[in-house]
Amino acid sequence: MKLAILERLKAHLDARMQAALDAMQSAQSSANEETKSSAGDKYETARAMAQNERDRHAQLYDQIRQERAVLDRIDPLFQFQRVGLGTLVKTTAGYFFVAVSVGLLDMAGIKVIAVSPQSPLGASLMGKQRGDSFLFQQKNCLIEELG
């Protein structure tokens, strides 16, 4: 199941990266196509707004690209003894995949929450092993298996 989760996350991030790239290119085209009118300030303002939009999408693209690089470093066949980056954690509260924060995934009827190690939940899981407990939504939960 870990390999399927990893592939789903990669496909999700690839789609988000492409959307950010398309939006960035569209904003750049808008900035380039802005024709100079007699109202010079209007032209400069429109160009600056388009450039700001392009910069926002470029920043988003870079953030997603970094998250994708995190996924590329994960070995789906590695069996963990303690929770770390790339661990599928089965708990009494459900399944968690420690990698990047994407949220809830439905994997053939099994709900898996993808969290980053830096998130509060991810941080509380890091370093724990089978049989350890952690707090989730103000409930004490138990780690049943690591994958």
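Accessible areas on this tour come from the Shrake-Rupley method with a 1.4 Å probe, and for residues only the protein chains shown count as cover. With that in hand, welcome to a predicted model, in which local features need pLDDT of at least 70, side-chain atom pairs count only at pLDDT 80 or more, and totals for chains, interfaces and linings use all residues. Residues are numbered from 1 along each chain as its sequence is written, and side-chain values use heavy atoms, with hydrogens and water left out.

**Stop 1: the whole chain**

Select everything and show it as a cartoon. You should find 3 helices and 6 strands; helices (H or I, at least four residues) and strands (E, at least two) are DSSP runs, numbered from the N terminus. Starting at that end, the order is α-α-β-β-β-β-α-β-β. The radius of gyration (taken over C-alpha atoms) is 21 Å, well over the 15 Å that the globule rule gives for 147 residues, so the chain is more spread out than a compact globule. That rule is 2.2 Å times the number of residues to the power 0.38. Turn the C-alpha trace along its principal axes and it spans about 70 × 30 × 25 Å.

Now switch on the surface. The chain exposes about 8700 Å², and carbon and sulfur atoms supply 50% of that area. Of the 147 residues, 34% are buried; buried means under 20% relative accessible area, exposed over 50%, and partly exposed in between (1.4 Å probe, protein chains only).

**Stop 2: strands 1 and 2**

Select residues 88-91, strand 1, and residues 94-98, strand 2: they run antiparallel, joined by 4 bridges. Two strands pair if DSSP finds at least two bridges between them. This pair forms a hairpin with 2 residues between the strands. To see one of the bridges, pick L88 and look across to its partner F97 in strand 2.

**Stop 3: on to strand 4**

Which way does strand 4 run beside strand 2? Select residues 110-115 to see: the two strands are parallel, with 4 bridges joining them. Y95 has V112 of strand 4 as its bridge partner.

Next, select S116, in the loop between strand 4 and helix 3 (120-125). Is S116 buried or exposed? Its relative accessibility is 11%, so S116 counts as buried. Leaving out residues up to four places away in sequence, S116 touches A99, V100, S101 and G122; contact here means heavy atoms within 4.5 Å.

**Stop 4: strand 6 and its partners**

Select residues 139-146, which make up strand 6 and run antiparallel to strand 1, with 3 bridges between the two. Here K90 stands opposite E145. Strand 6 also pairs with strand 5, again in the antiparallel sense, over 4 bridges. On that side, look for F136 opposite K139. Strand 5 and strand 6 form a hairpin with 2 residues between the strands, where Q137 takes a positive phi near 50°.

**Stop 5: L135**

Finish in strand 5 (residues 133-136) by selecting L135. With a relative accessible area of 57%, L135 is exposed. Which residues does L135 contact, leaving aside neighbours within four places in sequence? They are S124 and N140. Finally, draw a line between the C-alpha atoms of L135 and A93: these residues are 42 apart along the chain, and the separation is 9.9 Å.
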